[in-house]
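Here is a short report on one protein model. Look at the structure first, then read on.

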Amino acid sequence: MRSFEKLTSLKEYIPIKKKEGGEKNIGLLVDGPNMLRKEFSLNLDLVRKIMSEYGNMRVGKVLLNQYASDKLIEAIVNQGFTPIVVAGDTDVYMAVEAMELIYNPNIDIIALMTRDADFLPIINKAKENGKDTIVIGAEPGFSAALQNSADHAIILKPENGRPRKGRIAEETD
């Protein structure tokens with residue numbers, strides 16, 4: 001019998017990157033139309049720094065609708081994220097991407113940057129499957145249910161109430 005016929009599971013042959021020093025691997029999905037708005041003036045570099053406090057960001061995807069400008073897409077690429085442009089609503093595509101992360105054995109933490117309570121089932125499914133969860137949002141409109149369901153909730157706030165200045169982050173547990 002040939003060796004490839006003895007395979008009982010392909011998982012045995014999928015290389016899994018070993019974690020250094022117990023650091024966890026993070027998969028981050030950003031709800032672009034909901035979070036990348038002028039009134040929030042959010043910086044994805046800040047989000048990357050926040051994620052580094054929790055582990056290594058292995059996946060960073062920003063979901064955008066068909067109205068995203070070329071400049072926005074270029075800025076996302078320049079900040080090291082993968083832009084995904086979707087025709088229509090991004091919520092369904094983001095849910096599919098999140099499910100892929102949940103079932104990816106190389107990802108330990110599912111992070112969602114959104115304010116939308118529609119993603120509450122994703123947070124719950126991730127926790128059911130042993131994943132740590134992080135939600136990152138901004139006020140107004142950051143779902144309390146989403147914040148309370150995740151292991152970590154990070155609220156991005158303007159310094160001194162001025163939305164155009166730098167951002168600070170506050171974690172709620």
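## Around Met113

Met113 touches residues from several parts of the chain: Leu28, Leu29, Val30, Asp31, Met35, Leu42, Leu44, Val47, Met94, Ile136 and Leu156, leaving aside residues up to four places away in sequence. A contact here means heavy atoms within 4.5 Å.

This is a predicted model, where local features need pLDDT of at least 70, side-chain atom pairs count only at pLDDT 80 or more, and totals for chains, interfaces and linings use all residues. Residues are numbered from 1 along each chain as its sequence is written, and side-chain values use heavy atoms, with hydrogens and water left out.

## Two cores

Met113 also belongs to the largest nonpolar core, which has 24 residues. Leu28, Met51, Met113 and Ile136 have the most contacts inside this core. Such a core is a set of buried Ala, Val, Leu, Ile, Met, Phe, Trp, Tyr and Cys residues joined through side-chain atoms within 4.5 Å. Buried means under 20% relative accessible area (1.4 Å probe, protein chains only).

At least two core residues come from each of S1 (25-31), H2 (44-52), S2 (56-65), S4 (109-113), S5 (132-138) and S6 (152-158). Helix H2 gives the most, with four residues. A second, separate core has 22 residues, including Ile123, Val135, Phe142 and Ile155.

## The whole protein

The protein has six helices and seven strands. These are DSSP runs, numbered from the N terminus: helices are H or I with at least four residues, strands E with at least two. Along the sequence, the pattern is β-α-α-β-α-β-α-β-α-β-α-β-β.

Of the 173 residues, 40% count as buried.

Key:
Buried < 20%, exposed > 50% of the residue type's maximum accessible area, 1.4 Å probe, protein only.
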